[in-house]
Amino acid sequence: MASSKTQNVLFDVQGPRARRLTLLFNVVGVLLIAALAWIVLGALAEQGQLDADRWSPLLTARAWENFLLPGLWETLQAALLAVALSIAFGLVFGLGRLSQLAPVRFVCTVVVEFFRAVPVLVMMIFFYLGIGRAGLVEPANVPFWAVVLGLMFYNGSVIAELIRSGVHQLPKGQREAGLVIGLTPSRSLRMIELPQALTAMLPSMVSQFVVILKDTALGYIITYPELLASARRLGSGDGNILQTLFVVALLFVLINYLLTALAAWLSRFLSYRTAGRTKPAEGPMAAEEMTV
């Protein structure tokens with residue numbers, strides 16, 4: 001009888017000697033990193049970069065109210081809107097690439113591959129110049145929409161490809177089961193395959209959301225007042241650009257960590273809901289359903 005507990009490993013189990021060598025390498029690696037950090041911190045201390053007067057301006061209300069918090073709001077505003085539009089773009093063109101109609105697949109493939117190949121910064125500059133000259137929005141809002149549209153087209157194309165590959169990775173029995181119960185291929189795609197693909201590709205999609213958040217920093221090139229641009233102005237005025245950028249880096253790390261934690265919770269929640277829906281019914285209701 002097979003054991004109820006199975007252990008899958010991608011490599012051979014290490015013996016005592018291999019474990020000792022691994023421990024030795026880990027200790028040496030930690031010591032090397034600590035030595036490098038000590039050297040860097042020592043060099044910064046010699047140059048006065050660790051002095052309290054370099055860090056104290058970042059603890060004032062002026063720094064946060066006039067620079068960091070407004071810049072953070074602009075970053076989050078552009079990132080959230082770009083995430084929402086990227087998801088919509090990815091769903092439309094991802095489903096288009098899975099369409100039964102060859103012309104629809106061709107057009108969606110051309111669009112997705114084109115925007116995946118163009119750098120984000122090039123698209124931001126293009127929309128910045130195009131929207132500004134066309135006069136479609138107020139001049140003050142041109143940088144914002146240029147950033148959002150550039151992020152939407154690039155990351156939406158990536159999400160579309162994630163959706164396509166996620167559906168193709170599903171077992172073929174999923175579609176066959178949908179066809180057996182009377183669904184058309186398109187309805188099977190929307191009702192059965194797409195929800196499973198989105199759940200499976202959620203970690204990859206969250207990684208793309210993190211990319212969107214970080215790529216908002218490119219907006220400073222087209223004068224968008226996001227967090228990095230605000231930090232550069234603050235640091236240049238106070239003469240502590242290194243310290244200011246360090247604080248901004250911590251803010252980005254915190255936001256990305258919270259986003260990843262939210263995605264992990266959402267993945268567990270969706271997996272639990274999916275498992276609950278597929279759990280066999282028990283009791284009198286199950287007997288009644290079988291009779292029907």
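Here Ala, Val, Leu, Ile, Met, Phe, Trp, Tyr, Cys and Pro count as nonpolar, Asp, Glu, Lys and Arg as charged, and the others, Gly among them, as polar. With that in hand, the largest pocket of this predicted model is easy to sum up: its lining splits into 22 nonpolar residues, one polar and no charged.

That pocket has a volume of about 500 Å³. Its lining is made up of 23 residues, and Val83, Ile87, Val206, Phe209 and Leu259 are the ones nearest the centre. Helix 3 (61-97), helix 8 (185-200), helix 9 and helix 11 (241-278) each give two or more residues to the lining. Helix 11 chips in the most, with seven.

Helix 9 also packs against another helix. Helix 6 (residues 142-168) and helix 9 (residues 202-215) sit with their axes 10 Å apart, at an angle of about 170 degrees. Angles over 145 degrees count as roughly antiparallel, so that is how helix 6 and helix 9 run relative to each other. On the helix 6 side, the contact takes in Leu151, Tyr154, Asn155, Val158, Ile159 and Leu162, while helix 9 brings residues including Met205, Phe209 and Ile212. Sorted by class, this contact has nine nonpolar, three polar and one charged residues.

Helix 3, too, has a packing partner. Helix 3 and helix 4 (residues 102-117) have axes 7 Å apart and meet at an angle of about 135 degrees, which makes helix 3 oblique to helix 4. Their crossing is left-handed. Phe89, Phe93, Gly96 and Arg97 of helix 3 touch a set of helix 4 residues, among them Val104, Arg105, Cys108 and Glu113. Here the contact divides into seven nonpolar, two polar and three charged residues.

Definitions and conventions: Residues are numbered from 1 along each chain as its sequence is written. This is a predicted model: local features need pLDDT of at least 70, side-chain atom pairs count only at pLDDT 80 or more; totals for chains, interfaces and linings use all residues. Side-chain values use heavy atoms; hydrogens and water are left out. Axes are lines fitted to C-alpha atoms, for helices over the stretch in contact, and angles run from 0 to 180 degrees between N-to-C directions. Angles under 35 degrees count as roughly parallel, over 145 as roughly antiparallel, 65 to 115 as roughly perpendicular and the rest as oblique. Contact means heavy atoms within 4.5 Å. On a 1 Å grid over the protein atoms alone, a cavity is a set of points where a 1.4 Å probe fits but cannot get out, and a pocket is an open set with protein on both sides within 12 Å along at least five of seven lines; lining residues have an atom within 4 Å of a point. Grid points are joined across faces, edges and corners, and a volume is the space filled by probe spheres set on the points. A crossing is left-handed if the near helix is turned anticlockwise from the far one by less than a right angle, and right-handed if clockwise.
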